[in-house]
Amino acid sequence: MYGPMDVTYLKVESKTDTSLNIAWNNTYNNKCTTNYNVTWINLETSQLKYSINSANKLYHNITGLKACTLYQYDVDTVADLGQHSGGTGRVSKTDVLEQIHSLVLGYDGGFYFVLRWQAPSDMTCINRYCVCWTKLGETKEHCFHITTGYLSYIPDVNIETCTNYTVKVSAINTNYHLYSHNVSISFRTRPKEVTYLKVESKTDTSLNIAWNNTYNNSCTTNYNVTWTNLETSQVKYSINSANKLYHNITGLKACTLYEYNVDTLADLGQHSGETGRVSKTDVRVPIHDCGGSNGPNFIVVIEVRHPVQGGGVSDASNFMVDVVFDS
């Protein structure tokens, strides 16, 4: 009496770094089949394991495997009289090791960003990381491979401010074209700093500043203007609307250095980071209530020269005179 026939179409349906999900057909009239004996062998260590499937279960998920390793898997049809069809063997390699861990946005520069992650705990067979990013509303992925010596990457080509991106990072083996499951994050880049920040005009008690918004800062809601007295470290601020690209800073002290900053704010609470400049208020200032007088007084500089023997004039002598006007 003949035994049952071998199974057909034995193949790997899916796999991960630690498993092979196999399936097969029983296309012959194997009515005496009682079960299937599934075995798998690690071809590096020759370690063999097995499992017994019922006759109506034409698949098996082989788990507990080593990543990036060759395995031979076999399915043997077993009949009610103990007859065997003989193993139907195939060879397959598990995927690259586990995925990366702890992918984070390390820094958002507006027109670039810094990605950081932790390596898999077992680096068997991994020789690259694949970093891909996609802009919201687009299907095209931008991908780069980097060596495993790096745990960060800085995309800086065609990155736009105030734009949503999805980033995926996978551990891969370029020799076998194997990929781990990817880890992804999504975020929106921050607005860029203002440009051409400068003092348009100034007096003894004010600085009139202005700036440009030359980047595509579509998410900008307002500008945070701050100024600091560099003698006393006193800080004051004002908030401008997004369409007001200037500010008149008043109430300053004469002949004093001030640092002024403009920070772009976005609708998600993001900041561009400050763009700082330093300027000094003007020197001449009317002084009130000086020396008991009721009127203002002014400081006047007088230059004096006199003739010298042999012709010519002397070097200039400068005098500062306090002129007081009583009211």
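**Exercise 1. Describe the open sheet that contains β17: state the order of its strands, which of them lie at the edges, and how β16 is joined to β17**.

Step 1. In this predicted model, an open sheet of three strands runs in the order β16-β17-β20, with antiparallel pairing. Strands here are DSSP runs of E of at least two residues, and helices are runs of H or I of at least four residues, both numbered from the N terminus. Two strands count as paired if DSSP finds at least two bridges between them.

Step 2. The edge strands are β16 (195-202) and β20 (246-249), each of which pairs on one side only. Neighbouring strands of this sheet are turned against each other by 20 degrees on average, direction ignored, where axes are lines fitted to C-alpha atoms (for helices over the stretch in contact) and angles run from 0 to 180 degrees between N-to-C directions.

Step 3. The strands β16 and β17 run antiparallel and are joined by five bridges, and Thr195 stands opposite Asn212 in β17. Strands of a sheet pair through backbone hydrogen bonds, either parallel or antiparallel.

Residues are numbered from 1 along each chain as its sequence is written. Because the model is predicted, local features need pLDDT of at least 70 and side-chain atom pairs count only at pLDDT 80 or more, while totals for chains, interfaces and linings use all residues, and side-chain values use heavy atoms, with hydrogens and water left out.

**Exercise 2. Decide whether strand β21 is largely enclosed or open, and describe how β18 pairs with β21**.

Step 1. A residue is buried under 20% relative accessible area, exposed over 50%, and partly exposed in between (1.4 Å probe, protein chains only). Strand β21 (residues 257-266) has eight buried residues out of ten, so β21 is largely enclosed by the rest of the structure.

Step 2. Strand β18 (residues 220-229) runs antiparallel to β21, and nine bridges join the two. One of the residues that can be followed across this pairing is Asn229, whose bridge partner in β21 is Tyr258.

**Exercise 3. Find the disulfides, give the handedness of each, and explain why Cys130 is not bonded to Cys132**.

Step 1. A disulfide is taken as a pair of cysteine sulfur atoms within 2.5 Å, and by this rule the count comes to two.

Step 2. One disulfide is formed by Cys132 and Cys143, with their sulfur atoms 2.0 Å apart. The torsion about this S-S bond is about 115 degrees, so the disulfide of Cys132 and Cys143 is right-handed. Since Cys132 lies in strand β10 (residues 128-135) and Cys143 in strand β11 (residues 142-147), the pair ties together parts that are eleven residues apart in sequence. Cys132 counts as buried at 7% relative accessibility, whereas Cys143, at 36%, counts as partly exposed.

Step 3. Another disulfide joins Cys162 to Cys219, with an S to S distance of 1.9 Å, and with -55 degrees about the S-S bond this link is left-handed. Cys162 lies in the loop between β12 (152-153) and β13 (164-173), and Cys219 in the loop between β17 (207-212) and β18, so this pair ties together parts that are 57 residues apart in sequence. Cys162 is buried at 11% relative accessible area, and Cys219 is buried at 5%.

Step 4. For Cys130, the closest cysteine sulfur is that of Cys132, at 3.6 Å, which is too far for a bond. Cys130 is buried as well, with a relative accessible area of 7%.

**Exercise 4. Place His181 in the structure and name the residues that His181 touches**.

Step 1. His181 sits in the loop between β14 (178-179) and β15 (183-188), and at 48% relative accessibility His181 counts as partly exposed.

Step 2. With contact meaning heavy atoms within 4.5 Å, and not counting residues up to four places away in sequence, His181 touches Thr16, Gln99, Val169 and Ser170. The C-alpha atoms of His181 and Ile100 are separated by 8.5 Å, although these residues are 81 residues apart along the chain.

**Exercise 5. Summarise the secondary structure, burial and confidence of the protein**.

Step 1. The protein has zero helices and 24 strands, and buried residues make up 41% of its 327 residues.

Step 2. pLDDT is the predictor's confidence in each residue, from 0 to 100; its mean for the protein is 82, and 83% of the residues reach 70 or more. Over residues 285-293, pLDDT stays under 50, and the model has 13 contacts beyond four places in sequence for this stretch.
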